[in-house]
Amino acid sequence: MTEHHQMSPLEAIQAFLPCRTPDRWIENALENPTLMLIDHANCEKKAANTALSLINRYTDNFELLNKMSRLAREEMRHFEQVIGIMKRRNIAYKHVTASRYATGLRDLARNSDPEKLVDVLLIGAFIEARSCERFARLAPHLDAELEKFYNSLLKSESRHYQDYLKLAKTVASSTDEVEKRIALIAQRERELIESPDTEFRFHSGPVG
Ligand SMILES: [Fe+2]
Ligand SMILES: [Fe+2]
């Protein structure tokens, strides 16, 4: 084989993920622009919360504390940007239930540390990677403001994916452990992304 070209961050994420977002989900998102933004705001808030809960639990890991603190700030900044867009568009921030996605992935985490932390970090990598892939898929279909915003977000999410993956590797006992857990999580992730879902959300499966 000839030497392959350096993959872009987005290509690396597409290679990491087990499947592409189904076209039907893209249609769902374009049919529900209000719901998409509300649930997007929720996702940014939850991403910050995940980082904060790791900070609360793993005070002995300075690399984790530093990375997660930066991540939490960045996710809250994204949250501010999303609610800014919602305000300008007169979209009320109404309550929206969570999708099955994050719970479906977190159910796979092992029960005690350090295994639990490895899994939570890898699951974080999948969530960030999927968000990145979806921003990239959606961007060309959106109005100019959202297109620009989503293209800027996909760059941060690809960095977040890298941060989670690197942290997981430092906590894991071996490369083999990381690979096995990635394979297991990938299988579940694919089911959650491809199988029919009941309600459209930012991380839902296709509806209808
Ligand atoms: Fe974000
Ligand atoms: Fe993120």
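**Figure 1. Donor residues of the iron ion (ligand 2) in the predicted model.** In sequence, the residues that donate to the iron ion (ligand 2) follow the spacing E-x52-E-x28-E-x2-H. The structure shown is a predicted model. Coordination of the iron ion (ligand 2) is provided by E75 (OE), E128 (OE), E128 (OE), E157 (OE) and H160 (ND1), at 1.9 to 2.8 Å. E75 lies in helix α4 and H160 in helix α7 (residues 144–171), so this pair ties together parts that are 85 residues apart in sequence. H160 has a relative accessibility of 1% and counts as buried.

**Figure 2. Coordination of the iron ion (ligand 1).** The iron ion (ligand 1) is bound by E44 (OE), E75 (OE), H78 (ND1) and E157 (OE), at 2.0 to 2.3 Å. The angles subtended by these 4 donor atoms run from 88 to 134°, which makes the arrangement around the iron ion (ligand 1) tetrahedral; four donors are assigned to this class if all angles lie between 85 and 135 degrees. For reference, the ideal angle for four tetrahedral donors is 109.5 degrees. Along the sequence, the donor residues of the iron ion (ligand 1) are spaced E-x30-E-x2-H-x78-E.

**Figure 3. The bridge between the two iron ions and its setting in helix α4.** E75 bridges the iron ion (ligand 1) and the iron ion (ligand 2), and the two ions lie 3.4 Å apart. Within helix α4 (residues 62–88), E75 and H78 are 3 residues apart, and are therefore separated by about one helical turn. E75 is buried, with a relative accessible area of 1%. H78 is likewise buried, its relative accessible area being 4%.

**Figure 4. The largest nonpolar core.** This core comprises 68 residues, of which M36, L54, L138 and Y150 touch the most other members. Two or more residues are contributed to the core by each of α1 (9–16), α2 (23–31), α3 (33–57), α4, α5 (100–106), α6 (115–138), α7 and α8 (175–194). The greatest contribution comes from α6, which gives 14 residues.

**Figure 5. Surroundings of L54.** L54 is one of the residues that touch the most other members of the largest nonpolar core. When residues up to four places away in sequence are not counted, L54 touches L64, M68, L117, V120, L121 and Y164.

Technical notes: Residues numbered from 1 in each chain as written. Chains lettered and ligands numbered in written order. Predicted model: local features only at pLDDT ≥ 70, side-chain atom pairs only at ≥ 80, totals over all residues. Heavy atoms only, no water. Donors = N, O, S within 2.8 Å, 3.2 Å for Na, K, Ca; no water. Tetrahedral: all angles 85-135°; square planar, octahedral: opposite > 155°, others 65-115°. Helix = DSSP H or I, 4+ residues; strand = E, 2+ residues; numbered from the N terminus. Buried < 20%, exposed > 50% of the residue type's maximum accessible area, 1.4 Å probe, protein only. Core = buried A, V, L, I, M, F, W, Y, C linked by side-chain atoms within 4.5 Å. Contact = heavy atoms within 4.5 Å.
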